[in-house]
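Student: Could you walk me through a few features of this model? I'd like to see how you get to each answer.

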Amino acid sequence: LAADLYGAALQIPSPPGGAPPAQMIDQWHDEELHIVQHAAELIDSGTPLLRMELRTRLSRYLGMKKWPDVVEAIQAALAAPVDAEERMLTVFGPLDSSDGYESAVAKQVEFGKSLAVDTDPDEQLAVRLNEAVARLDETRQLNANPYPALREMTIQNPQRGLAIASWLIEHPDQPLARFAGVVLSPLGTALPEELDTLLQRLDAGEVSLRRQLAGYLEGGTWFVDASISDVQRLRRLLRDEDIHIRNTAMHTLLPLTKVNLPLAVELALDADTSLSRHADLIDHVLSEGLPSLEPDQLDARLQALECEPRLSWSSWQLLLGVGSTHPQKTLDVLIARAHSDMHGMRPISEARDSGDVLAGFDDTQYMDALRAVRQATLMTDQGGVRRRLGEVFWALDRDENMWLEALGEWLTLPDLAMVRAAARLLDPLPFAQFPDDPDQDRGHQLLLDHADDLSCWLDAA
């Protein structure tokens, strides 16, 4: 809060719509100089976190001040010595990308090398690292980011990394524990047997320890030569009772698809997809590995999608992929979704982009698909089902002339039930989502562009 106040005080007041006149700015010179000098005193005597925050605020204004003495005062304040605690907070804080992202990461890596040779005993160093993360966690705006430094520390000194990881197992509720994965990951190369011993302890432990295991598996260093033990550990975490563990395990599958797609697909099929966001991740993996799915595996996933209230973008991509090779399966899923009584059900993905969801059908089969939706509308007496079937009908958008043909076939019949069924398909048209229609007026425009067809229907009626 103190650093925020100093930062706000260094901002030059300006009227709405423009900068203040130069003579008005000059009246604040003495006040600006006094603020900088006072901040410099706190940089000399304040706590490590306050010193770090004040340096950050002053550095932002270094190139914005036109008075030479104010600039010199800021430079003098920034040149004050940085002790070990402040440096650790600075490195563990958000990346300073003012000199570029790569430069910021390089600074963290260099700090990691210094941690590897730090003269403090391992346990004492662990306490220092933990205190730095805890201080950053207590602030309102900073998120600790020690990943590059901790990883480099373990690479340079595996024994130290092993000691820090062991300390984290003994102190699983400490703030530093959420970064256990990055400490553990490099140990697989240097100390594989010791690493496996730690992983066994984590796998058999309580939730706080299994979260550390999930962090290690997410790191992906085991992907290339995946052991049976690591695969089984991830399989268990994908169905863990703790939602945070499951979430981390699900995200592990995404990079795994780039290294070992068959394994990622196998694990995805065994995962708990009761949460929508987890189903989204699973469908992303399955859409990548669609050709390798067995028929019964594909059918099981499609059956689960019939009850998913809202289709994510990834789930829609999966249906697009299935529709190119097994279009009837996709059509069956969409019609089943329209008939579902699941609360909040939307049969079509609101995030869908362009693409023919029944691409595997030729035009004759596509027309039959539209007729199947039309027939389903005739067979139901539930208004909600009819509306959702209408959404499915307008999502089958290969050719708008096919829509009109399918409607016209029934709108001109003497059977009033069929006329009503076709007419009800028009109900959701003004609200239908068309990926190529940013203004969302295509529904009305479609009818206006085919006024002659409408007139023929009315004349026949």
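Tutor: Sure, starting with Arg387, which lies in helix α23 (residues 383-395); helices here are DSSP runs of H or I, at least four residues, numbered from the N terminus. Bear in mind that this is a predicted model, where local features need pLDDT of at least 70 and side-chain atom pairs count only at pLDDT 80 or more. Residues are numbered from 1 along each chain as its sequence is written, and side-chain values use heavy atoms, with hydrogens and water left out.

Student: Is Arg387 buried, partly exposed or exposed?

Tutor: Buried means under 20% relative accessible area and exposed over 50%, with partly exposed in between (1.4 Å probe, protein chains only). Arg387 has 38% relative accessibility, so the label is partly exposed.

Student: How many aromatic pairs are there?

Tutor: Rings of Phe, Tyr and Trp (its six-membered ring) pair if their centres lie within 6.5 Å; planes under 30 degrees apart are stacked, over 60 edge-to-face, and the rest tilted. By that rule, the count is five.

Student: Which helices does the pair of Phe92 and Phe111 tie together?

Tutor: These two rings sit edge-to-face, 6.0 Å centre to centre with 90° between the planes. The pair links parts 19 residues apart in sequence, because Phe92 belongs to α6 (residues 84-92) and Phe111 to α7 (residues 101-116). Both Phe92 and Phe111 are buried. So the helices are α6 and α7.

Student: Which residue joins Phe393 and Trp394 in a cluster?

Tutor: Phe393 and Trp394 pair edge-to-face, at 5.1 Å and 85°. Ring pairs link them into a cluster with Trp403.

Key:
Helices (H or I, at least four residues) and strands (E, at least two) are DSSP runs, numbered from the N terminus.
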